[in-house]
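Visitor: I would like a close look at one part of this model, with its surroundings explained as we go. Could you take me through it?

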Amino acid sequence: PSKWKKVVAIGEVGLDYYRLPKDLRAQKIIVELQKHAFERQLSLAKKHHLPVVIHVRDQEVIIEPKPGNAY
């Protein structure tokens, strides 16, 4: 039996820019790596017809973090 029959979703995935380093060069590298990983996760979900659970934050969290702002 396929191991994918036990998997119900791909997640929790997303792009997280909340804790990026201050160094702009390092930021760019991390952002590109995150985008690449996210695209691969979405492709995997599509290939196996699985839903995706995406982690998102309110834009306000970047300015003033508060517990519970991620959903």
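Visitor: Let me start with a single residue: is A45 buried or exposed, and what is its relative accessible area?

Guide: Happy to take you there, with the reminder that this is a predicted model. A45 has a relative accessible area of 1%, and because the cut-off for buried is under 20%, A45 counts as buried. The residue is found in helix 1, which covers positions 24-47.

Let us see what surrounds A45. Leaving aside residues up to four places away in sequence, A45 touches I10, L50 and V52. Another residue to look at is G11: 34 residues separate G11 from A45 along the chain, while their C-alpha atoms are 9.3 Å apart. Two of the residues that A45 touches, I10 and L50, join A45 in the largest nonpolar core, together with V13 and F38. That core has five residues, and strand 1 (10-13) and helix 1 each supply at least two of them. As a general point, nonpolar side chains in soluble globular proteins tend to be buried together.

Now widen the view to the helix itself. Helix 1 has 24 residues, so at 1.5 Å a residue the expected span is 34 Å; the C-alpha atoms at its ends are 35 Å apart, which agrees. Besides A45, the buried residues of helix 1 are V31, Q34 and F38. Strand 1 and strand 2 (52-54) are among the elements that cover these buried residues.

Q34 deserves a stop of its own. It lies in helix 1, and with a relative accessible area of 18% it falls under the 20% cut-off, so Q34 is buried too. Its contacts, again not counting residues up to four places away in sequence, are G14, L15, D16, Y17 and L20.

For a partly exposed stretch of the same helix, turn to K35 and E32. Both lie in helix 1, three residues apart, or about one turn of the helix. They form a salt bridge, with 3.9 Å between the closest N and O atoms; since the cut-off is 4 Å, the pair qualifies. The count of salt bridges comes to one. K35 has a relative accessible area of 35% and E32 has 44%, so both residues are partly exposed.

The two ends of the helix are worth a look as well. At the N-terminal end, D23 acts as a cap: one of its side-chain oxygens lies 3.3 Å from the backbone nitrogen of R25. Beyond the other end, helix 1 is followed by H49, which has a positive phi, near 55 degrees.

Finally, step back to the whole chain. It has two helices and two strands, arranged along the sequence in the pattern β-α-β-α. Of its 71 residues, 13% count as buried, A45 and Q34 being among the buried ones. Among contacts between residues at least 6 apart in sequence, 52% join residues at least 24 apart. The chain exposes about 6100 Å², and carbon and sulfur atoms supply 58% of that area.

So, back at your starting point: A45 is a buried residue of helix 1 that belongs to the largest nonpolar core and touches I10, L50 and V52.

Notes. Residues are numbered from 1 along each chain as its sequence is written. This is a predicted model: local features need pLDDT of at least 70, side-chain atom pairs count only at pLDDT 80 or more; totals for chains, interfaces and linings use all residues. Side-chain values use heavy atoms; hydrogens and water are left out. A nonpolar core is a set of buried Ala, Val, Leu, Ile, Met, Phe, Trp, Tyr and Cys residues joined through side-chain atoms within 4.5 Å. Buried means under 20% relative accessible area, exposed over 50%, partly exposed in between (1.4 Å probe, protein chains only). Helices (H or I, at least four residues) and strands (E, at least two) are DSSP runs, numbered from the N terminus. A salt bridge is a side-chain nitrogen of Lys or Arg within 4 Å of a carboxyl oxygen of Asp or Glu. The expected span of a helix is 1.5 Å times one less than its number of residues. Contact means heavy atoms within 4.5 Å. A polar contact is a pair of N or O atoms within 3.5 Å; within protein, one must be able to donate a hydrogen and the other to accept it, and residues adjacent in sequence count only if both atoms are side-chain atoms. Accessible areas come from the Shrake-Rupley method with a 1.4 Å probe; for residues, only the protein chains shown count as cover.
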